[in-house]
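User: I would like to go through this model one feature at a time. Please reason briefly in each reply and finish on the value or name I ask for.

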Amino acid sequence: MRLQDLSSFPSLRSVPLRLRIKRFLPRSLFGRTLLIVVAPTFIMLAVATYVFFDRHWYTVTQRMTHALSGDIAFIVDLLQKSSNPQSTAEVLDMAVQKMDLTVRFAPGQSLPSAPALRGPIAIMLKHELNRSLSNPYVLDMRYAPETIGIYVGVPEGVYMILSPERRIYTPTTQVFILWMTGSSILLTSVALLFMRNQIRPVRRLAEAADSIGKGREVPWFKIEGASEVRQAGAALLVMRERLKRQITQRTAMLAGVSHDLRTPLTRMKLQIALMGASDGLEELSGDIAEMEEMLNAYLAFARGEEGESAVSFDLKGLLEESVTAARRQNGEIVLNVPSELPMIARRNALKRAIGNLLGNALRYGNRAEVSVLQDENGVSVIIDDDGPGIPPDRREDMFRPFTRLEESRNTATGGVGLGLTIARDIARFHGGDVILEDSSLGGLRARIWIPV
Ligand SMILES: Nc1ncnc2c1ncn2[C@@H]1O[C@H](COP(=O)(O)OP(=O)(O)O)[C@@H](O)[C@H]1O
Ligand SMILES: [Mg+2]
């Protein structure tokens, strides 16, 4: 089982609402931290912008449009009241000097047609002009670049008043939004950069735990990161050491016992030989021979366990070697491996496990077929045979040490009963397993699965 699969555990499925919300939340620590850091920032930004628009921008724009329309109404009134050209010229001059407004008069003309108005500022200006001007007018927000044109109709013609845009636009709005967005993006990016560095040790810790679970060495793993991550890393390494020590001790102890048992067995054999032939002794010496064989098989396995470490190799090559070795003994084997398959494992141990399964296939059947299945979880080596197979309810039993389907312990009908035990032990050491199934060839299918 891979780490990601844990979230699909049934216990979580019984909380549908929580799960439904969960589906929309990011799964990785990075994503979640991102959400925690970024979401408040952007909510704050949105609220601040809204408040700013609603209050500050609206108020300021209203006051500015109010002032502009007041000035325009004032000038139009003054111009209409002035009787001689002299005072008219004075008013026009004053408008340019003091109010930044250029006024021209087109006698005898009528108002042009009104262009379409868009945007909140135009609407606010129109609203203010309606209030302060009693004459008809036409507003052109795009008279020229950065210039607004206002045509005011009087009985004698049309006044055209030009005002710079800046009299009603407040540039602080754009500046404010730019600063807010810019600084938020900058600060968030810096936060993300630092966050990445915090999350890397966690990811490496997960990778190390995964590798250790598959029986690999992790020389690249060093304890780093925040104190909690360091603590977890240190605990992982201590745990690995303890497990290693425990396994070594068990294997060594069993090997010691097996080894020491051989001496009394040899003595017994000698004794029986000295006693000469008599009833029952034959059986006894058979039993002793069998016990010796069992001990030897275990010792051979325990010796093989010592000190091998995982290496990277090509599985196809290993399978070819195993098949060649098995063919030399007896039987017919078909090997279906399409291409090279690089993998990391204890090569000798894996070869032993596959050898055991192949040996079984040829011992209990006549024909064997070896194939490989690869997916994103790992590699399966599948060994089919055409033998009698094992009834489904007995399959698990066969993995127990010294257990055989045929109970007689007759060496003609099988081995000592350690083959499957050892194969599963090796597979499980790599985080995988050996599974027995029905074969399409009619016999047993043994599947050895190693995660990648
Ligand atoms: N391919 C197979 N077909 C039929 N029976 C099998 C097969 N492989 C294993 N078995 C049964 O499972 C038992 C245990 O297998 P194993 O652990 O390899 O021990 P051994 O082969 O030494 O007897 C065998 O004795 C045999 O009865
Ligand atoms: Mg066997």
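User: Which residue in β11 does Val-434 stand opposite?

Analyst: This is a predicted model, and the reply rests on its strand pairing. Strand β10 (residues 433-438) and strand β11 (residues 444-451) run antiparallel and are joined by six bridges. Within β11, the residue opposite Val-434 is Ile-448.

User: In the hairpin of β10 and β11, which residue takes a positive phi?

Analyst: The hairpin has five residues between the strands. Phi is near 105 degrees at one glycine there, and that residue is Gly-442.

User: What is the bridge partner of Ser-312 in β7?

Analyst: Strand β5 (residues 311-314) runs antiparallel to β7, with four bridges between the two. Ser-312 has its bridge partner in β7, and that partner is Ile-344.

User: Which side chains of strand β7 point to one face and are buried?

Analyst: In a regular strand, side chains alternate between the two faces of the sheet. Strand β7 (residues 342-345) shows this alternation. Pro-342 and Ile-344 point to one face and are not buried, which leaves, on the other face, the buried Met-343 and Ala-345.

User: How many aromatic pairs does a search of the whole structure find, and what is the angle between the planes of Phe-105 and Tyr-159?

Analyst: The search of the whole structure gives three aromatic pairs. Phe-105 and Tyr-159 form a tilted pair, with 4.8 Å centre to centre and an angle between the planes of 45 degrees.

User: How many residues apart in sequence are the parts that the pair of Phe-105 and Tyr-159 ties together?

Analyst: Phe-105 belongs to strand β1 (residues 102-107), while Tyr-159 belongs to strand β4 (residues 157-164). The pair therefore links parts of the chain whose separation in sequence is 54 residues.

User: Which counts as buried, Phe-105 or Tyr-159?

Analyst: Buried requires under 20% relative accessible area. Phe-105 has 38% relative accessibility and so counts as partly exposed. At 7%, the buried residue is Tyr-159.

User: How far is the charged end of Arg-424 from the centre of the ring of Phe-399?

Analyst: Two arginines can be described in relation to phenylalanine rings. Arg-347 lies over the face of Phe-313, at 5.5 Å from the ring centre. The charged end of Arg-424 sits over the ring of Phe-399, and its distance from the centre is 3.6 Å.

User: What is the distance between a polar side-chain atom of Asp-385 and a nitrogen atom of ligand 1?

Analyst: There are 18 residues around ligand 1, and Asp-385 is listed among those that come nearest, along with Asn-360, Leu-405, Gly-417 and Leu-420. The contact of Asp-385 is made by a polar side-chain atom to a nitrogen atom of ligand 1, at 2.7 Å.

User: How much of the accessible area of ligand 1 does the protein cover?

Analyst: An oxygen atom of ligand 1 is 3.0 Å from an N or O atom in the side chain of Tyr-364. A polar backbone atom of Val-416 is 3.2 Å from an oxygen atom of ligand 1. On its own, ligand 1 has 530 Å² of accessible area, and the share covered by the protein is 95%.

User: Phi of Asp-100 is a positive value in a residue other than glycine; what is it near?

Analyst: Asp-100 is placed in the loop between α4 (85-99) and β1. With a relative accessible area of 34%, Asp-100 is partly exposed. Its phi is near 65 degrees.

User: Where is the place of Phe-402, and what is its phi near?

Analyst: Phe-402 is found in the loop between β9 (378-385) and α11 (419-429). At 26% relative accessibility, Phe-402 counts as partly exposed. Its phi is also positive, in a residue other than glycine, near 60 degrees.

User: How far apart in space are Gly-331 and Gly-365, C-alpha to C-alpha?

Analyst: Gly-331 lies in the loop between α9 (315-329) and β6 (332-336), and counts as partly exposed at 45% relative accessibility. Gly-331 and Gly-365 are 34 residues apart in sequence, and their C-alpha separation in space is 8.7 Å.

Terms used. Residues are numbered from 1 along each chain as its sequence is written. Chains are lettered from A and ligands numbered from 1 in the order in which they are written. This is a predicted model: local features need pLDDT of at least 70, side-chain atom pairs count only at pLDDT 80 or more; totals for chains, interfaces and linings use all residues. Side-chain values use heavy atoms; hydrogens and water are left out. Rings of Phe, Tyr and Trp (its six-membered ring) pair if their centres lie within 6.5 Å; planes under 30 degrees apart count as stacked, over 60 as edge-to-face and the rest as tilted. Buried means under 20% relative accessible area, exposed over 50%, partly exposed in between (1.4 Å probe, protein chains only). A charge sits over a ring if NZ of Lys or CZ of Arg is within 6 Å of the ring centre and within 35 degrees of the ring normal. A residue is near a molecule or strand if one of its heavy atoms lies within 4 Å of it. A polar contact is a pair of N or O atoms within 3.5 Å; within protein, one must be able to donate a hydrogen and the other to accept it, and residues adjacent in sequence count only if both atoms are side-chain atoms. Accessible areas come from the Shrake-Rupley method with a 1.4 Å probe; for residues, only the protein chains shown count as cover. Two strands pair if DSSP finds at least two bridges between them.
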